[in-house]
Amino acid sequence: MDPTQSSLFRALFGLLLVLCLHLGFDGSAAATDTAFVGARLYPAPDAAPIENGVVVVSDGKIKTVGPADQIAIPEGAIIIRADGKTITGGLWNSHVHFNFPPLDRLENEQVASYVRDISLQYGFVHVLDTGSAPGVSAELRRRIDTGEMAGPTILMANGSLVPKGSAPFYVRPTIMPDVAVPDKAQEQVDLILRSGAEGVKIFSGSIVSFTNIVPMDVESVRGIVDAAHKRAMFVVAHPTNNAGAWAAINGGVDILAHTFPQQGWDRSIPLVMLERNVALIPTLKLWRFDGERFGTPEAVIVNSTRAAQEQLAAFSDLGGQILFGTDVGYVTDFDPTDEYLLMQQAGLSFAQILASLTTAPAQRFGMADRTGKMEVGMNADLVVFDEDPGSDITVFAEPKVVVRRGQIVFER
Ligand SMILES: [Zn+2]
């Protein structure tokens, strides 16, 4: 799209929104359809791309999708020419933090631009917040849902529970609560549920100092997992090393929030993760970020990154579920380009990386019936790229236009 078309695009979508609000989305009058025409479409990671495709969006949903010669564009539809572009479903970043000073000290515009910079500008219309200051994400979610600001759909894994007396040294002076004894686990989980969270975050391995990593005891993990599952909540664990990974897996958690790249990592872990349906968020670029932050020698950084890539590759080769995530917000560099490159260098294909960004998280978080693919009836969560990320994986980091539920939420 040239700039004129883009501005027109935005104006028309704005108009569409106003019309829809007036019409109350109840279908009492014919809604305006919008058709993206001419792009290469990746409707799903396991589907062949559609050349010269058409996606018709109506009332925030995908009305039709397919090759141009098979799709009748509805009369009166707004037509967006997207020749030479590529379109995928909306992307997920399944490991983010919203690291704000208290929100009441910021102007709404400052908050909105941070949220845009951390998520929307990279095509992330869904994020999993794995721990921010209390109340921050719930308030962001409220502002996004009420239309006060553009932003992604936010899922929250709250709690940040640590082994007794063993908060990670790098979060100090932030206080993190000790995991409850199993008898009190339901009480602790219910408190987390009331904060608006869909999940619970635990540190099953906590870096107390450079020389001391404390694993959570398995009974405590199990207590939290059972209590969370009773409330249909998931549990995400920060593993750190083999012991922390085993505590998480044996305690029954749903997701590892990171790889756990110690030298001599336990090669038997990926298969057990697969058997117990544990998902993995790789956060590969984190290991260089942390290494440089703490003055780790270059050779150690290289080895850690390589070990993390081996873990990802082993789990991927088995068919394990991988959720794309960068730990952005803790990681101060928001750009996901390096994560894409590191995943590709680990051996993941474009389709596997696309799945980690779309269908895998949609499935893991129970939203596969409405997002993750470009299919009729799904939410119109779309990302338009100037180039094809299937030919150059770094293109994923440079969306041209980002659409969430039929509305443009970012435009480069
Ligand atoms: Zn994190």
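This is a short talk on one predicted model of a protein chain with a zinc ion. I will go through the metal site, the domains, one helix, two single residues and the salt bridges.

I start with the zinc. Which protein residues are its donors? They are H95 and H97, each through NE2, and D327 through OD. These donors lie 2.0 to 2.2 Å from the zinc ion. Along the chain, their spacing reads H-x1-H-x229-D. H97 and D327 come from distant parts of the chain, 230 residues apart. H97 sits in the loop between β6, residues 91-96, and α2, residues 108-118. D327 sits in the loop between α9, residues 298-317, and α10, residues 337-345. Are these two buried or exposed? H97 has a relative accessibility of 9%, so it counts as buried. D327 is at 4%, so it counts as buried too.

Since α10 has come up, a few words on that helix. Its buried residues are T337, E339, Y340, L342 and M343. What do they pack against? The answer is β6, β7 at residues 124-129, α9, and α11 at residues 350-357. So β6 and α9 appear again: β6 borders the loop that holds H97, and α9 borders the loop that holds D327. After α10 comes G347, which has a positive phi, near 115°.

Next, the domains. The assignment gives domain 1 as residues 3-89 plus 370-411, and domain 2 as residues 156-350. Their C-alpha centres are 35 Å apart. The contact between them takes 7 residues from domain 1 and 7 residues from domain 2. On the size of an interface in general: it is often given as the accessible area lost when the parts come together. For this pair of domains, the buried area is about 660 Å², and carbon and sulfur atoms give 84% of it. On the domain 1 side, I393, F396 and A397 lose the most area to domain 2, together 67% of what that side buries. How many salt bridges run between the two domains? The count is 0. For residue pairs in polar contact, with both at pLDDT 80 or more, the count is also 0.

Now two single residues, T240 and L271. T240 is in the loop between β12, residues 234-238, and α6, residues 242-251. It has a relative accessible area of 12%, and so is buried. What does its side chain reach? It reaches the backbone oxygen of G205 at 2.7 Å. A second polar contact, of 3.4 Å, joins the side chains of T240 and H238. Leaving aside residues up to four places away in sequence, T240 touches G205, S206, I207, I213, F260 and P261.

L271 is in helix α7, residues 269-275. At 41% relative accessibility, L271 counts as partly exposed. From L271 to I118 there are 153 residues in sequence and 33 Å in space, C-alpha to C-alpha.

Last, the salt bridges. The count for the model comes to 19. I will take R40 as the example, with two partners. One partner is E51, at 3.0 Å, N to O. E51 lies in strand β2, residues 50-58, and R40 in strand β1, residues 34-42, so this pair ties together parts that are 11 residues apart in sequence. E51 is partly exposed at 41%, and R40 is partly exposed at 28%.

The other partner of R40 is D388, at 2.4 Å, N to O. This pair links distant parts of the chain, 348 residues apart, with D388 in the loop between β15, residues 382-385, and β16, residues 399-404. At 10% relative accessibility, D388 counts as buried.

Another salt bridge joins D333 and K285, with the closest N and O atoms 3.2 Å apart. D333 lies in the loop between α9 and α10, while K285 lies in the loop between β14, residues 279-280, and α8, residues 286-293, so the pair ties together parts 48 residues apart in sequence. D333 is partly exposed, with a relative accessible area of 37%, whereas K285 is buried, at 7%.

There is also a network of salt bridges, which links E139, R142, R143 and E148.

Methods: Residues numbered from 1 in each chain as written. Predicted model: local features only at pLDDT ≥ 70, side-chain atom pairs only at ≥ 80, totals over all residues. Heavy atoms only, no water. Donors = N, O, S within 2.8 Å, 3.2 Å for Na, K, Ca; no water. Helix = DSSP H or I, 4+ residues; strand = E, 2+ residues; numbered from the N terminus. Buried < 20%, exposed > 50% of the residue type's maximum accessible area, 1.4 Å probe, protein only. Domains from an automatic or database assignment. Contact = heavy atoms within 4.5 Å. Buried area = accessible area lost by both parts, 1.4 Å probe. Salt bridge = Lys/Arg side-chain N within 4 Å of Asp/Glu carboxyl O. Polar contact = N/O pair within 3.5 Å; in protein donor to acceptor, adjacent residues only side chain to side chain.
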